[in-house]
Amino acid sequence: MADLNSLVEQAAQACFRSRRGVALTGAGISIESGIPPFRGKGGLWEKIDPMKYAHIDALESNPAEVWQVLFLGIADLLTKAEPNEGHKGLRQLEQMGIVQTIITQNVDGLHQAAGSSDVIEFHGTHAKLRCMSCDQRYSWEAVSLETVPPKCGCSGTLRPDVIMFGEMIDMGLLHRSQKLSATCDLMLVIGTSATVEPASYLPVIARHGGAFVIEINPEPTPLTNRISNLSLLGPAGDIMQQIVGKVSELQKSS
Ligand code: OAD
């Protein structure tokens, strides 16, 4: 098996050659910012049952409980979080003309905070609230959280503008993500367990469309050695900075 240095070198070469790179990110890229993942040790779904609190049926039947157990806790984590070296590395690859778009399953806004300019929020955003009756959007600052769920002016219930289990991905975002995946020449798949469709299928579309797929994750996933051309087993921040450093050297010497 190739050592990590050689894999970083190969990943940097692939990035250097790319002109239409896309990144697909998941909860793992934000772990180093202090946001726990969903699955695995210390994951959110170890503490709470997603079918009980993260399904649209739960929100519709018991919004106060879903707000107390899920939404307020996530909001608290996200207000404190800042982009880490993984997010910054993707921004640097954009500045180098390599990564054009990030498709993220994360709702934390950290790619935008790092300066990335084209971010598809595949599972929505926690930064805004949306009325379940009239669709009006609100900032968190604009509503009182003294009692939850907060209410819209139309008396509808407000919720974070995220996708819950049992809900459809926005069609426009889905089509754009599929098209980008089919036409990119490089896909960086960072910090996702690749277990939730349809996001998990995007690397498959990319590989079948001829893209070079690089996976960065401390653990193997269903993509490893099947869909990914290269799998770098390690934390996103450190590995991204190693890759960015090598791409920078390649660009300077070209
Ligand atoms: P998961 O929690 O399923 O997976 C997180 C991944 O990050 C795992 O594969 C870890 O091995 C990896 N990881 C851990 N530490 C890391 C590090 N330092 N650097 C890089 N990777 C690391 O999160 P997602 O794949 O994002 O959906 O989950 C997908 C979707 O499932 C979420 O968007 C959410 C969830 O249910 C909805 O809520 C609709």
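**Ligand pocket, sheet and loops**

Q: How far does a polar side-chain atom of W45 lie from an oxygen atom of the ligand?
A: In this predicted model, W45 offers a polar side-chain atom to an oxygen atom of the ligand. Polar contacts are pairs of N or O atoms within 3.5 Å. The distance for W45 is 3.2 Å.

Q: Which part of F38, backbone or side chain, has an N or O atom 2.8 Å from an oxygen atom of the ligand?
A: F38 is listed among the closest residues around the ligand. Its N or O atom lies 2.8 Å from a ligand oxygen. The part of F38 that supplies this atom is the backbone.

Q: Which residue has a side-chain N or O atom 2.7 Å from an oxygen atom of the ligand?
A: Here the partner atom sits in a side chain, and the pair is 2.7 Å apart. The residue belongs to the closest group, which also includes R39, T192 and S193. It is N217.

Q: How much of the accessible area that the ligand has on its own does the protein cover?
A: The contact with N217 involves an oxygen atom of the ligand. On its own, the ligand has 790 Å² of accessible area. The share covered by the protein is 90%.

Q: How many charged residues are in the shell around the ligand?
A: In total, 22 residues surround the ligand. By class, 11 of the shell residues are nonpolar and 8 are polar. The number of charged residues is 3.

Q: What is the strand order of the open sheet of 3 strands?
A: In general, strands of a sheet pair through backbone hydrogen bonds, either parallel or antiparallel. In this open sheet the pairing is antiparallel. β5 (137–139) and β6 (158–162) stand at the edges, each with a single partner strand, so one side of each has no neighbour in the sheet. From one strand to the next, the twist averages 50°. The order is β5-β4-β6.

Q: How many bridges pair β4 with β6?
A: Strand β4 covers residues 124–131 and pairs with β6 in the antiparallel sense. In this pairing C131 stands opposite L158, and R130 stands opposite R159. The number of bridges is 5.

Q: What is the bridge partner of R130 in β5?
A: β4 and β5 run antiparallel and are joined by 3 bridges. On the β6 side, R130 stands opposite R159. In β5, the partner of R130 is R137.

Q: Why is β4 largely enclosed by the rest of the structure?
A: A residue counts as buried under 20% relative accessible area. β4 is largely enclosed because, of its 8 residues, the number buried is 6.

Q: What value does phi of D135 take in the hairpin of β4 and β5?
A: D135 is placed in the loop between β4 and β5, and the hairpin has 5 residues between the strands. D135 is partly exposed, with a relative accessible area of 43%. Its phi is positive in a residue other than glycine, with a value near 75°.

Q: Is S155 buried or exposed?
A: S155 is found in the loop between β5 and β6. Its phi is positive, about 75°, although S155 is not a glycine. With a relative accessible area of 55%, above the 50% limit, S155 is classed as exposed.

Q: Where is P149 placed?
A: The peptide bond from V148 to P149 is cis, with omega near 0°. The place of P149 is in the loop between β5 and β6.

Q: Is the peptide bond from E197 to P198 cis or trans?
A: P198 is found in the loop between β7 (186–190) and α9 (202–208). For the bond from E197 to P198, omega is near 0°. That peptide bond is cis.

Q: Which residue has the backbone oxygen that the side chain of T183 reaches?
A: T183 has its place in helix α8 (residues 171–183). It is partly exposed, with a relative accessible area of 45%. The T183 side chain reaches a backbone oxygen at 2.8 Å, and that oxygen belongs to K179.

Q: What distance separates the C-alpha atoms of T183 and R20?
A: Along the chain, T183 and R20 are 163 residues apart. In space, their C-alpha atoms are separated by 7.9 Å.

Q: With which side chain does the side chain of S228 make a polar contact?
A: S228 lies in the loop between β8 (212–216) and β9 (230–232). At 7% relative accessibility, S228 counts as buried. Its side chain makes a polar contact at 3.3 Å with the side chain of E215.

How values were computed: Residues are numbered from 1 along each chain as its sequence is written. This is a predicted model: local features need pLDDT of at least 70, side-chain atom pairs count only at pLDDT 80 or more; totals for chains, interfaces and linings use all residues. Side-chain values use heavy atoms; hydrogens and water are left out. Helices (H or I, at least four residues) and strands (E, at least two) are DSSP runs, numbered from the N terminus. Buried means under 20% relative accessible area, exposed over 50%, partly exposed in between (1.4 Å probe, protein chains only). A polar contact is a pair of N or O atoms within 3.5 Å; within protein, one must be able to donate a hydrogen and the other to accept it, and residues adjacent in sequence count only if both atoms are side-chain atoms. A residue is near a molecule or strand if one of its heavy atoms lies within 4 Å of it. Accessible areas come from the Shrake-Rupley method with a 1.4 Å probe; for residues, only the protein chains shown count as cover. Ala, Val, Leu, Ile, Met, Phe, Trp, Tyr, Cys and Pro count as nonpolar, Asp, Glu, Lys and Arg as charged, and the others, Gly among them, as polar. Two strands pair if DSSP finds at least two bridges between them. Axes are lines fitted to C-alpha atoms, for helices over the stretch in contact, and angles run from 0 to 180 degrees between N-to-C directions.
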